[in-house]
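Q: Please take a close look at the aromatic ring pairs in this model. Describe how the rings sit against each other and how far they are shielded, then go on to the backbone and the sheet.

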Amino acid sequence: MSATGPAGKRGKPASGAGAGAEALKRRRKGDSFGDKVKSKGGGKMNEEISSDSESESLAPRRTEEEEEEELEETAQEKKLRLAKVYLEQLRQQEEEKAEAREFEEDQVAGRLKEDVLEQRGRLQKSVAKEIQAPDPADIRILRGHQLSITCLVVTPDDLAIFSAAKDCTIIKWSVESGRKLHVIPRAKKGAEGQPPGHSTHVLCMAISSDGKYLASGDRSKLILIWEAQSCQHLYTFTGHRDAVSGLAFRRGTHQLYSTSHDRSVKVWNVAENSYVETLFGHQDAVAALDALSRECCVTAGGRDGTVRVWKIPEESQLVFYGHQGSIDSIQLINEEHMVSGADDGSVALWGLSKKRPLALQREAHGLRGEPGLEQPFWVSSVAALLNTDLVATGSHNNSLRLWQCGEGFRQLDLLYDIPLAWPVVADQRGQELCLHHPSPQGPQAPGCWLLTLTSPLFKFSPGHPLLSLY
């Protein structure tokens, strides 16, 4: 038993070795059979098996694995490509949005730039070249006043015009239809219970930039405040010692400036129905006044031969010289430049930083009289389209002239000479350039004219290049 046991144990590995040998033979036969199959048509190089041939036989298997890897990478690349396409679309959309924003920002920047230039008084839009002489066929004639018109204002929305005259009345007109919207009649002196109004010549008017208040001044030293929409009387300001010759609201506020033949300039707060202060400096009756957004105003001193800029907070003034006669009219072009006219026939362009004119056009409306005794036609009125290069002047030579301001307001070039029937005075407020002139009195007098010139680049009376008012 002891001898056969070990022998039996040794017999098992022998039988396992035999089985392993047989498996090895079968593996070799399978390999040789595979080699024969692969070597069909392969030539003599595949007849013998070597280490090189074994590495070559493994190469196709690696190629298949690489192809499988390539297939897997292609799917990833497809996802990546689609992601890139999507990101590209997002990028294009963002670029389009950025371009739109940039365009809007450019527009806003341009507007802000204009606002900054306007505040600094350096904005000068080129408008004069686009202006054309009015066609007489487009003139509209409106009748209402009994005596000469002395002043007018246009509402900020350009829908209505207020005109005042020596007949002591104020008429509100519709720009579109030309009809009377309201008439403030003359008030009789000493009569009780009558509607409020002026009892003497109305010399000047002004309207606030929001169109809420209308102010009117007369020869009896009074300033009347009206609600512009309803023409209802609100307040009466007293304090001037002579005729009120000029009124102007500070733009964007209800601060009112007034000037008078008493040589003073007064400041009022209309919203609070209060007087603020009085400024002195002129040596003769003040003829005209104007103001824009800054807390200052400009005045024409008439026979004292000066133009003055009043700085209200500092209670100081700047004095300008340049005309040789009485300065009867003045208008701000922007916050830093203004135009004035005098009875010596000259028109001057001023910069607030220089006390002499930047440009002086002498004999702006020509000469009159016998040879050797010629005298210039006096300039009775000036007007300027706000923040542009367009200026208008009127004279008693029965003509209206439009001028273009040169670069830097250093030159005046004549554009048009428009003949009219009677002497001209001019005024401009809001966004309209308004010109009017009084006619002589008498049984054959045709009345009083008011003219509104329009520009295609601005918001004016639509379809009416020239509006006349009898």
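A: What follows starts with the aromatic rings, then turns to two backbone positions and ends with one sheet.

The model is predicted. A pair of aromatic rings is described by the distance of the centres and the angle of the planes. Counted with a limit of 6.5 Å between ring centres, there are four aromatic pairs. One of them joins Tyr235 and Phe237, with 6.4 Å from centre to centre and 10 degrees between the planes. Planes under 30 degrees apart count as stacked, and the pair of Tyr235 and Phe237 is therefore stacked. Tyr235 is partly exposed, at a relative accessible area of 21%, whereas Phe237 is buried, at 4%. The cut-off for buried is under 20%, so Tyr235 with its 21% falls outside that class.

A second pair is made by Trp268 and Tyr275. Their ring centres are 5.5 Å apart and the planes stand at 70 degrees, so this pair is edge-to-face. Here Trp268 is buried, with a relative accessible area of 3%, while Tyr275 is partly exposed, with 46%. Ring pairs link these residues into a cluster made up of Tyr235, Phe237, Trp268 and Tyr275.

Next comes the backbone. Most residues other than glycine have a negative phi. Cys168 has a positive phi, near 70 degrees, although it is not a glycine. Cys168 lies in the loop between β3 (160–165) and β4 (170–174), and is buried, with a relative accessible area of 3%. Glu363 also has a positive phi without being a glycine, in this case near 50 degrees. Glu363 belongs to the loop between β21 (359–361) and β22 (367–368). Glu363 is partly exposed, with a relative accessible area of 43%.

Strand β21, which precedes the loop of Glu363, is also part of a sheet. This open sheet has four strands in the order β18-β19-β20-β21, with antiparallel pairing. Its edge strands are β18 (327–332) and β21, each of which pairs on one side only. On average, neighbouring strands of the sheet are turned by 20 degrees against each other, direction ignored. At the β18 edge, the partner strand is β19 (residues 337–342), and the two pair in the antiparallel sense over five bridges. Within this pairing, Ser329 has Gly341 in β19 as its bridge partner.

Terms used
Residues numbered from 1 in each chain as written. Predicted model: local features only at pLDDT ≥ 70, side-chain atom pairs only at ≥ 80, totals over all residues. Heavy atoms only, no water. Phe/Tyr/Trp six-rings, centres within 6.5 Å; stacked < 30°, edge-to-face > 60°. Buried < 20%, exposed > 50% of the residue type's maximum accessible area, 1.4 Å probe, protein only. Pairing = 2+ DSSP bridges. Axes fitted to C-alpha atoms, helices over the stretch in contact; angles between N-to-C directions.
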